[in-house]
Amino acid sequence: MTLSTSRTAPGEDTGVIHDSPHDTKAAGNESLAPQKTRIMGRTSYLLAWFGGCVSIGTFTMGSSVVGTLNLVQATLAIAIGCFVIGIALALNGAAGYKYGIPFMVQARSAFGFSGTRLPGLVRAVPAIVWYGFQSWIGAGALNMVSATLFGFDNLIFYFITFQLLQIALSVLGFQGIKWLENVGSAFILGSLVYMFYSTIQRYGDELSASMLTMDGSWGLPFWGATMLFLGIYSTMMLNVSDYAREHKEGTGPGLLTTIYAMSILPCTLFMGLIGYMVSEATGVADPIKVFSNAVDNTPLLMTTLLFIAFAQVTTNVLNNVVPPTYVLMDAFKLKFRTATVIVGLLAFATFPWELVKDESAAGLQLFVQTYSAFLGPIFAILVVDYYLIRRRTLDLGKLYDENGPYRGVNMAALIATAAGAVVALTFSSVSWYASLIPAGLTYYLLMKHWAPCQRFRS
């Protein structure tokens, strides 16, 4: 298949697409062009998601449902949330998987070349903020290990070193990501199993029978809980094509859904239940604080701290580096390696040492609520555009032609995003679910019946 374009940016050589078993991709040789060489098989792809989707916040999510859901309901809420995530990732990643295109190119058909700045910012800005925030958390864990074992206590040193290490790993691109996530998944799983076992051993007597016998709720609190666990990965649902384009061809939608759900479920289930049980037993919402004070159990303390540090690396490199990197490549025509270094330096500028302070909690919560309101609407628009408007058929030549039908801004997408965001903010407890139909329906109707959208329907 040959693509014709009138203007292409550096890194967007959209000539003949060819896959060969002898093709290799150099480390850090990523571009916005349709993917030619895919480097992740099914096992490797599953392990990449397994290692890259570890969120320390999942502990707190588990703690938050204590007293509202019983243990069975909490377990089912986590499982349902992960299954919905799997479906959502498979749905929105289909275009990237089929055509080998990244999120920023996929979004052009719905938002337009200029309009992609909105979904790009919604995905990139939080990623950079969390990149800095999680790097500070990881550095703090390493510093505590160092202080405990060697008596060397210097958080600033470890933060700078930790961040430079992540930048070095990031410039390797998906070759580095594949290696890091595949190796890291074994350590992460082993650590979680040990932490889960330690929780049962340490707090078994304090865990009350009411965890199983209480009535709990199968109503709104239950479905709200599914969204708590689902919401952790809602940003990934937008740019899943960035990763799907690296997965080798030949995997059907059903198996892809299973790969996504089963890669996310183990970590989410372990961490959610650890948070649930520790909070039930101790009354402390943050199990990390509990484990960190386990001075009589040095192996548990060291495992917890190293898990925290390692989880920040695997999550940052996959979740928080790739999205803003591709946004910078699209907006400023940068090379991949240059963009990753800039993203790493921007993470310093988020002043994470300020974000972790107690007085910053309210502002950080407002920030999360604000950008989260746009995640569901943008996801719905991308899915409706690909499946209902484009009928799963994209013209790659037009997607790479800045003077073609997708030039400028598609107002239908912006109006639909705003409609969905209003609903999301109104029903904050189930914001992601609530925003899908208003945003998707508004976009579909405008694209079908509003004259200014005619050009974008081509």
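Leaving aside its neighbours within four places in sequence, which residues is Tyr443 in contact with? Keep this one in mind for Exercise 1, and remember that the model is predicted.

**Exercise 1. Start from Tyr443 and work out to the cores.**

Task: List the contacts of Tyr443 beyond four places in sequence, then place Tyr443 in its core.

Solution:
- Step 1. Skipping the sequence neighbours, Tyr443 touches Ser109, Ala110, Ile381, Val384, Asp385, Ile389, Arg390, Asn410, Ala412, Ala413 and Ala416.
- Step 2. Now the core: the largest nonpolar one has 97 residues, and Tyr45, Trp49, Tyr260 and Tyr443 are the members that touch the most others.
- Step 3. Helix H18 (residues 361-389) is the top contributor to this core, giving 11 residues.
- Step 4. There's also another core lying apart from that one, made of 36 residues, including Val54, Val145, Met211 and Leu300.

**Exercise 2. Describe how H8 packs on H13.**

Task: Given the axes of helix H8 (residues 173-203) and helix H13 (residues 253-282), find how they are oriented and what the contact is made of.

Solution:
- Step 1. Grab the two basic numbers: the axes come within 10 Å and cross at roughly 25 degrees.
- Step 2. Angles under 35 degrees count as roughly parallel, so H8 and H13 are roughly parallel to each other.
- Step 3. For handedness, H8 passes H13 in a left-handed crossing.
- Step 4. On the H8 side, the contact uses Ile188, Leu189, Leu192, Val193, Met195, Phe196, Thr199, Ile200 and Tyr203. H13 answers with Cys267, Phe270, Met271, Leu273, Ile274, Met277, Val278, Ala281 and Thr282.
- Step 5. Sort the H8 and H13 contact residues by class and you get 16 nonpolar, 2 polar and no charged.

**Exercise 3. Do it again for H18 and H20.**

Task: Classify the packing of H18 against helix H20 (residues 411-426).

Solution:
- Step 1. Here the axes of H18 and H20 come within 8 Å and cross at roughly 130 degrees.
- Step 2. That angle makes H18 oblique to H20.
- Step 3. The crossing of H18 and H20 is right-handed.
- Step 4. H18 brings Gln369, Ala373, Phe374, Pro377, Ile378 and Ile381 to the contact, while H20 brings Ala413, Ala416, Thr417, Gly420, Ala421, Ala424 and Leu425.
- Step 5. The class count for H18 with H20 comes to 10 nonpolar, 3 polar and no charged residues.
- Step 6. Look back at Tyr443: its contacts include Ile381, Ala413 and Ala416, and these three also appear in the contact of H18 with H20.

**Exercise 4. Track down the positive phi angles.**

Task: Place Phe351 and Arg392, which have positive phi values although neither is a glycine.

Solution:
- Step 1. Phe351 has a phi of about 50 degrees and sits in the loop between helix H16 (336-348) and helix H17 (352-355).
- Step 2. With a relative accessible area of 47%, Phe351 is partly exposed.
- Step 3. Arg392 has a phi of about 60 degrees, and its loop runs between H18 and helix H19 (396-399).

**Exercise 5. Buried, partly exposed or exposed?**

Task: Assign a burial class to Thr315 and to Gly140.

Solution:
- Step 1. Thr315 belongs to helix H15 (residues 298-332); its relative accessible area is 4%, so Thr315 is buried.
- Step 2. Beyond four places in sequence, Thr315 contacts Gly51, Gly52, Val54, Gln134 and Asn320. We've met Val54 already, in the core of 36 residues.
- Step 3. Gly140 is in helix H6 (residues 117-150) and, at 24% relative accessibility, counts as partly exposed.
- Step 4. Finally, Gly140 and Ala309 are 169 residues apart in sequence, yet their C-alpha atoms are 8.1 Å apart in space.

Notes
Residues are numbered from 1 along each chain as its sequence is written. This is a predicted model: local features need pLDDT of at least 70, side-chain atom pairs count only at pLDDT 80 or more; totals for chains, interfaces and linings use all residues. Side-chain values use heavy atoms; hydrogens and water are left out. Axes are lines fitted to C-alpha atoms, for helices over the stretch in contact, and angles run from 0 to 180 degrees between N-to-C directions. Helices (H or I, at least four residues) and strands (E, at least two) are DSSP runs, numbered from the N terminus. Angles under 35 degrees count as roughly parallel, over 145 as roughly antiparallel, 65 to 115 as roughly perpendicular and the rest as oblique. A crossing is left-handed if the near helix is turned anticlockwise from the far one by less than a right angle, and right-handed if clockwise. Contact means heavy atoms within 4.5 Å. Ala, Val, Leu, Ile, Met, Phe, Trp, Tyr, Cys and Pro count as nonpolar, Asp, Glu, Lys and Arg as charged, and the others, Gly among them, as polar. A nonpolar core is a set of buried Ala, Val, Leu, Ile, Met, Phe, Trp, Tyr and Cys residues joined through side-chain atoms within 4.5 Å. Buried means under 20% relative accessible area, exposed over 50%, partly exposed in between (1.4 Å probe, protein chains only).
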